[in-house]
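Q: Could you take me on a close look at one part of this model? I would like a connected account of a single loop and what surrounds it.

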Amino acid sequence: MSTNKYNEHLKQRRYKLIVTMRALLILASILLKIHLHFRGSQAEHQRSLGASNELLPSTGSEDKIEDVIEGPIKEVLAQSGSTANLPCKITDPVAGTITWVKRRDRRLLTVGTSTHSIDNRFVVMHSSTDWALQIRAVTPQDAGIYECQVTSHPVQRNFVRLKITEAYSIIPGAPDLHVKQGSSLQLECQLMAAAESPLYVFWYRQGHMINYDEEPGVKVELTKSGSILMVNKTKPSHGGNYTCEPSNAKPAYVVVHVIEEEEKPAAMHGGDRRNLSPAILASNFLVSLLATVSWRIPSFTSLYPT
C-alpha cells in the first residue's frame, strides 16, 4: 500500500471516529436531560403531596371546632337584614364573667356587657340571668354556632346555632295576568322563606306607588304573610306592570293585561273597512260587482219589445 493511500485511509477512520463520538455525546446529552426532567417532576410531585398533607390537618381541625359540641344546641332562625337574638341563661348571676365567642374562628365577640369585636353589630342584652347576644343587620356570613361561656368552676357553656334565611316574595299568576274589562282583579303578594311578618308592603303600578292613592275601586290590605291588592272593576288604565315590595324581602313583579270588550264589525256601524276580515271584504266586493254588472245587462223587455 502506497503512502498516499495509507494517509487517505487514516483520514477516513478519523472522520468516522469523530462522527461516532459526536453522536454518542448527543445521545448522552439527551439521556441526561430526560433523567433530570423525571427527577424534577418527581420532586415537584413530592412537594405537592407534602403541601396537601400539611393543609389537611388544619382544615380538619376547623371542622372539628365547628362540629364537636359538648352539650345541647339551641336553634335561632333570622332573616337577612333583620336583628337576631341569641339567648344565654345562667343559674347564678354572680357566677363569673360571661363571654360570647363564634366557634368557627374562635373570635371573641363580647366580654361582660362590653363589645370586644370591632364589629359594633354585636351587643349584649343583659337582664338578671339573661345574657343574650344581639346581632343587628345579620348577613349570611353570620350563620354558624355561637358559644356563651361563663368563667365559673366548672366552666358553663351554652351553644346557639344561628341560621340565616333569604326572604323573597311572589305574585301568583306572574309574569303575565289577563283580566276582562269590568271584572274584579286581586293580586296577592306572598312572602316566601320569611322568619317574620313585614312592617309594610308597597305596591307600585308603572313605578308609581298606589298604596295611599284615593283611587275609586282600588284597595290594599296588609296580611301576616304579605299583602293583597284588589280592584273592584278593572279599566284599561288598570293595566300595566305591578310591583310588590315588602320591607323585609325581595320584590315581585307581574304584568296585568286588561282585555277590552269586543267591538262590533265596522260594516255594522259604518266604521273603518280596514278592520274587516278578508272574508267580509271579499263578500262585499262580490256583491258590489254583481250590482254593477246587473244594471249594465239589458232586460228581456228591452230586447224584445211587445
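**A loop and its neighbours**

A: Happy to! Let's begin with Gln206, which sits in the loop between strand 13 and strand 14 (208–209). Keep in mind that this is a predicted model. Gln206 is not a glycine, yet its phi is positive, at about 55°. That is worth a pause, since most residues other than glycine have a negative phi. With a relative accessibility of 57%, Gln206 counts as exposed, because the cut-off for that class is over 50%.

Now step back to the loop on the other side of strand 13 (201–205), the one that follows strand 12 (185–192); Leu199 is found there. Leu199 is also exposed, because its relative accessibility is 73%. Leaving aside residues up to four places away in sequence, Leu199 touches Leu222 and Ser247. Gly226 is 27 residues from Leu199 in sequence, while their C-alpha atoms are 9.5 Å apart in space.

Next come the aromatic rings. The structure holds one aromatic pair. Its members are Tyr200 and Phe202, with ring centres 4.5 Å apart and planes at 25°, so the pair is stacked. The two partners fall into separate accessibility classes: Tyr200 is partly exposed at 37%, whereas Phe202 is buried at 19%.

For a companion to Gln206, look at Ala137, another residue other than glycine with a positive phi, here near 50°. Ala137 lies in the loop between strand 7 (130–135) and strand 8 (144–150), and its relative accessibility of 39% makes it partly exposed.

Technical notes. Residues numbered from 1 in each chain as written. Predicted model: local features only at pLDDT ≥ 70, side-chain atom pairs only at ≥ 80, totals over all residues. Heavy atoms only, no water. Helix = DSSP H or I, 4+ residues; strand = E, 2+ residues; numbered from the N terminus. Buried < 20%, exposed > 50% of the residue type's maximum accessible area, 1.4 Å probe, protein only. Contact = heavy atoms within 4.5 Å. Phe/Tyr/Trp six-rings, centres within 6.5 Å; stacked < 30°, edge-to-face > 60°.
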